[in-house]
Amino acid sequence: MLKFKNDVVYGAIFDMDGTMFDTERLRFQTLKQASQEFIGIEFSDSYLMACLGLSASSAHRLAQHEYAEDIPYAEIRKRADELELEAVRQFGVPIKKGLLQVLERLRKSGLRMAVATSSRRAIAEEYLINANIYKFFDVLVCGDEVEQGKPHPEIFLSAAEKINLAPHQCLMFEDSENGIRSAHDAGGICILFKDIKEPNQSMLAHADHYFESMYDYLEYLNPFTADLDMPAVQEAFPQTLNQLTVGIHGFGAIGGGYIAQILSHWDGYTRPKRIYASTRNPLYRLAVNAFGTYCIRYGQLSYDERIENISIIDAENIQHIQEMYIESSLVAICLPENAIETESEAIAQGLYARYIAQGEQVTEPLTLLIILNNINAKKVLLTQVRKALLQLTNAKITDQILAQHHFCDTVVNRMVSKLTDQNLYRQLSIKYNIFKQAQVTDDSNQINIEDATRLNPAQEQQATAYIEEMRQNFQPSHVLQNMDLILFNAEIDMPIYVENNSPLLGKMRQVVLVDQISDIQTIKNRLWNGVHAIAAWYASLLGHTTIGVAMGDPRIRQYVEQLVLEVKQGLSHQMPQRAKELDRLAHSFLNSCEFAYKDPCERVGRDPLRKLQANERVFASITYNLKHHLPCDALIHGAVLGYIYAFKYEQQNLTELKQHLKQQLQLMNVDAQSQKDLNEMIQNHLQEMISGQFSMAHFMQSNELHNEEI
């Protein structure tokens, strides 16, 4: 049942040609060709327009009146059918944009559904099967199965009867004058779509609702269908593919291991027909494209989630990048902050290509999700993209392009790690050996694979050979079908917080729309990013390699919990209205860390000086807590750990570290005396640790750091 405006609806009955399928233009072409073959002249546009919605017998009588009494209409129609089928079998049925989403929403609202078409059953069934929408309909009533064709109401009355409903309980969808009169006289709730023929007053008078397109009706229908809840990790993706193409600019950990899942769940009714994703890693590109799929592993649940309908493109190929931006309705920009300046040129090229392709008037705005793990992500991106656009065109067009699209800041709180090239190579080697059905028994034939990141040239060549031979010989029934290619390890957090700045995002299941995204960004930046980095620094200095393993060390777990408590106290004081999100993110963070056995400390802890910027992550929390007399001992310890990590693992010398610290403290929004005290305190502890005067245990157990000293 569906409550649609003031009506309670139990069924939906669809015309086929012109309503669901954009076949009327094709039909015109084939009838013209067939009539030319049989009578030496093409049917006129006026005759063909008059035939829209008519049964075959009615169209025959009209042809006799227009051309000749003895016109071989049956032969012309049969030949047109043959020509049309040839085109459809070669190129597919052209379906109306938005149709699949409408059918899924109506079906999942519990409606019984039927087709009422003037076409013969043989044609109707082939088209419905070809378009993969036969599954939506309970019954078909076709033109060769009724006594009286449209505009007589018989066909709609028969369809309603067959699904055991009264006509007034059914939505009836049409595009032609004869069709809408048929639906109206049957007593249904009449939905009229524009097709070839501009609707006249008579058509509009017989319609209860009129829409320019199926997609317009989808937008109108949205408020009357349920928003599906946040999916569970192991919930299946929608089976039906819609007509949307989406892109991921950056097939890294977050792009491939999280955003691809969001795009695959989409709104829960349908999912995009294609996902583009760009990468500079040739091995990942070859492997995913060869198998047509890859998996995200959720170790906490022992579950592998398969991502399908994805095409990996070369980030160096500007033509492919442009095609992604031209064809997509949404592009997620998943890049590290240090890549924005260089990648902004490709983004600008894509946006400019879209502008040119759409005739310099963008009728379909692109939604861009900005996923940079930075509070000022949107500002940073737009600044760089604008600069790059100005290299391609003038300021007026640049501003026009940027104003046409929806740029949306985001917050991601899922932990994801990307498998190394060596790990992928190991998987390919195992899959290849299974593929060849050969057991390696001679130890001399074993390949010794070190757990390093890069492949050597011989390994790269061998991996490419594995992929190519398996791709050429791959069969769906082969044992390889059950051996998925694992590319990412992920934790189980589902929602992505997104700035409420695009109408496309309203129904996406994993999207939580936020009006003040800066609040969530601040929480994520301090609570997740800051604490995560400190945990990695401490864990690395104690000799642990992954976050999950490190959390088994009581020293680290206790310290991380203390950090979370201090950060939460500051954030709760700063934004009490965000208590719900704060509690959820804090709980999720600790839970994710506990199970992050595949999350390398080296990846999380890298580039510590960037993570120790003033008014970001660690120092932002210290600043706020100091100003409001809240505890920050653990946070100050964390800053020291970051500088020690930079010295030990990133070859920064002590002078550089002290200069960096001084610069950041000068930018902090605290008084001069607090800056001075902090500078002396952190420098002293740093000097003592580096010189070996204090052990790590002694330093972390120190009680010297107290707010009142500062």
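Helix 12 (residues 282–291) lies across strand 11, strand 17 and strand 18, and its direction makes about 105 degrees with that of strand 11. Helix 11 (residues 253–265) lies across strand 11, strand 12, strand 17 and strand 18 (486–490), at about 100 degrees to strand 11. The model is predicted. Its chain has 710 residues, of which 55% count as buried, and its secondary structure comes to 29 helices and 20 strands.

**Four-stranded sheet**

- The strands under these two helices belong to an open sheet of four strands with mixed pairing, in the order 12-11-18-17.
- Strand 12 (303–308) and strand 17 (416–418) are at the edges; each has a single partner strand, so one side of each is left without a neighbour in the sheet.
- From one strand to the next, the twist averages 30 degrees.
- Strand 11 (residues 293–298) runs antiparallel to strand 12, and six bridges join the two.
- On the other pairing of strand 11, with strand 18, the sense is parallel and there are three bridges.
- C295 takes part in both pairings: it stands opposite R306 in strand 12, and its bridge partner in strand 18 is I486.
- Strand 17 pairs with strand 18 in the antiparallel sense, over three bridges.
- In that pairing, S417 stands opposite N489 of strand 18.
- Five of the five residues of strand 18 are buried, so this strand is largely enclosed by the rest of the structure.

**Eight-stranded sheet**

- A further open sheet has eight strands in the order 13-10-9-14-15-16-19-20, and its pairing is mixed.
- Its edges are strand 13 (310–314) and strand 20 (511–514), each of which pairs on one side only.
- With direction ignored, neighbouring strands of this sheet are turned by 25 degrees against each other on average.
- Strand 15 (residues 367–371) and strand 16 (residues 406–412) are parallel partners joined by four bridges.
- T367 stands opposite H406 of strand 16.
- Helix 11 packs on this sheet as well, touching strand 9 (245–249), strand 10 (274–279), strand 14 (330–334), strand 15, strand 16 and strand 19 (496–499).
- The direction of helix 11 makes about 160 degrees with that of strand 9, against about 100 degrees with that of strand 11 in the four-stranded sheet.

**Helix 15 and helix 16**

- Two packed helices are described by the angle between their axes and the distance between the axes.
- For helix 15 (residues 377–390) and helix 16 (residues 395–404), the axes come within 9 Å and cross at roughly 140 degrees.
- That angle makes helix 15 oblique to helix 16.
- The crossing of helix 15 and helix 16 is right-handed.
- Helix 15 contributes L382, V385, R386, L389 and L390 to the contact, and helix 16 contributes A395, T398, D399, I401 and L402.
- By class, the residues in the contact of helix 15 with helix 16 are seven nonpolar, one polar and two charged.

**Chain as a whole**

- Along the principal axes, the C-alpha atoms of the chain fill a box of roughly 110 × 65 × 55 Å.
- Of the contacts in the chain between residues at least 6 apart in sequence, 76% join residues at least 24 apart.

Key
Residues numbered from 1 in each chain as written. Predicted model: local features only at pLDDT ≥ 70, side-chain atom pairs only at ≥ 80, totals over all residues. Heavy atoms only, no water. Pairing = 2+ DSSP bridges. Axes fitted to C-alpha atoms, helices over the stretch in contact; angles between N-to-C directions. Contact = heavy atoms within 4.5 Å. Parallel < 35°, antiparallel > 145°, perpendicular 65-115°, else oblique. Left-handed = near helix turned anticlockwise from the far one by under 90°. Nonpolar A, V, L, I, M, F, W, Y, C, P; charged D, E, K, R; others polar. Buried < 20%, exposed > 50% of the residue type's maximum accessible area, 1.4 Å probe, protein only.
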